[in-house]
Amino acid sequence: MKLRIIIALVTLALSLLPISPARRSVAAGRPDAAYLYVEIETKVYRKGVEISSENPEERRWYFSNVVVQPEDVPSYSLAKKKIMPYFSRNVMDPFEARGFSLDYGDEDVRICGETSRANYETRAEAEAERAKEIEYRKGQGGNIYSFELVWDSTKGEEVSKPKLIYRDKEQPNYGAK
């Protein structure tokens with residue numbers, strides 16, 4: 001009997017102690033929010049014109065803004081189910097309508113660049129890593145563009161706003177706005 005009373009008192013005392021849960025980001029009302037950015041490597045050339053020294057291929061990277069990872073798609077299928085359709089509809093299709101081709105494949109879409117992480121706990125951490133990746137790409141021989149990733153939008157370039165952020169003087173630059 002004494003043992004039960006002692007156990008009950010210890011349990012009661014422990015339940016009254018303040019316990020601080022692991023600190024997580026609170027974004028968009030989600031205490032478990034994860035942040036990410038997307039990097040897409042592409043090849044750009046004039047539609048219907050053979051690639052040659054007069055019409056070379058342009059190497060180009062697109063970096064998205066930092067966003068909260070959506071809850072409706074697991075991270076392992078995020079590239080195929082959300083990112084690639086968004087990029088094709090809102091960046092590639094409007095660009096190709098101006099007479100250019102923009103090619104990329106599954107292996108060219110990287111969530112959080114070349115890091116082994118799928119997401120970050122804070123926006124600041126993701127922003128810092130994105131900036132590092134952009135700096136690294138500046139030495140890789142290609143032009144770098146940013147674009148806005150807005151999960152619930154389908155308004156094309158009006159929302160995605162592709163913008164040149166680094167121009168490699170050794171690369172052609174097709175269709176820059």
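# A guided tour of the chain

Of the 177 residues of this chain, 44% count as buried. The model is a predicted one. Begin with the whole chain displayed as a cartoon. Four helices and eight strands are present, and from the N terminus on they follow the order α-β-β-β-β-α-β-β-α-β-α-β. Among contacts between residues at least 6 apart in sequence, 69% join residues at least 24 apart. If a surface is displayed, the chain exposes about 10,500 Å², of which carbon and sulfur atoms supply 54%.

**First stop: strand S3**

Select residues 58–64, which form strand S3. Six of the seven residues of S3 are buried, so the strand is largely enclosed by the rest of the structure. Now add residues 38–46, which form strand S2. S2 and S3 pair in the antiparallel sense, over six bridges. To see one position of this pairing, select Lys-43, which stands opposite Arg-59 in S3.

**Second stop: strand S7**

Keep S3 on display and add residues 143–147, which form strand S7. In which sense do S3 and S7 pair? The two strands are parallel, and five bridges connect them. Two of the partners can be picked out: Arg-60 has Asn-143 as its bridge partner in S7, and Phe-63 has Ser-146.

Next, add residues 163–166, which form strand S8. S7 and S8 run antiparallel and are joined by three bridges. Ser-146 serves as a guide here, for it stands opposite Lys-163 in S8 and is also the bridge partner of Phe-63.

How many of the five residues of S7 are buried? Five of the five are buried. Both faces of the strand are covered: Asn-143, Tyr-145 and Phe-147 lie on one side, with Ile-144 and Ser-146 on the other.

**Third stop: Asn-143**

Select Asn-143, a residue of strand S7. Asn-143 has a relative accessibility of 0% and therefore counts as buried. Show the residues that Asn-143 touches, leaving aside those up to four places away in sequence; among them are Glu-58, Arg-59, Arg-60 and Trp-61. Leu-164 and Tyr-166 are also touched, as are Arg-167, Asp-168, Gln-171, Pro-172 and Asn-173.

**Fourth stop: helix H3**

Select residues 123–137, which form helix H3. At 1.5 Å a residue, the 15 residues of H3 should span 21 Å, and the end C-alpha atoms are 21 Å apart, which agrees.

Colour Ala-126, Glu-129, Arg-130, Glu-133, Ile-134 and Arg-137, the buried residues of H3. Why do these residues lie on the same side of H3? They cover an arc of only 140° around the axis, which places them on the same side. The face turned away from this buried side carries the exposed residues Ala-124 and Lys-132. Display the strands once more to find what the buried residues of H3 pack against: S1 (35–36), S2, S3, S6 (109–111), S7 and S8.

**Fifth stop: the salt bridges**

Show the charged side chains. The whole structure contains nine salt bridges. Select Glu-41 and Arg-59, whose side chains meet in one of them at 3.0 Å, N to O. Glu-41 lies in S2 and Arg-59 in S3, so the pair ties together parts that are 18 residues apart in sequence. Are these two residues buried or exposed? Glu-41, at 15% relative accessibility, counts as buried, whereas Arg-59, at 29%, counts as partly exposed.

Move on to Lys-82 and Asp-72, which form a salt bridge with their closest N and O atoms 3.3 Å apart. This pair links distant parts of the chain, ten residues apart: Lys-82 is in helix H2 (residues 78–96), and Asp-72 is in the loop between strand S4 (67–68) and H2. Asp-72 has a relative accessibility of 56% and therefore counts as exposed.

A further salt bridge is formed by Glu-135 and Lys-138, the closest N and O atoms being 2.8 Å apart. Lys-138 is partly exposed, with a relative accessible area of 27%. Finally, select Glu-39, Glu-41, Arg-59, Arg-110 and Arg-137 together: salt bridges that share partners join these residues into one network. Here the tour returns to earlier stops, since Arg-137 is among the buried residues of H3 and Arg-59 is the residue in S3 that Lys-43 stands opposite.

Key. Residues numbered from 1 in each chain as written. Predicted model: local features only at pLDDT ≥ 70, side-chain atom pairs only at ≥ 80, totals over all residues. Heavy atoms only, no water. Salt bridge = Lys/Arg side-chain N within 4 Å of Asp/Glu carboxyl O. Buried < 20%, exposed > 50% of the residue type's maximum accessible area, 1.4 Å probe, protein only. Pairing = 2+ DSSP bridges. Contact = heavy atoms within 4.5 Å. Areas by Shrake-Rupley, 256 points an atom, 1.4 Å probe, with all protein chains shown as cover. Expected span 1.5 Å × (residues − 1). Arc of directions from axis to C-beta.
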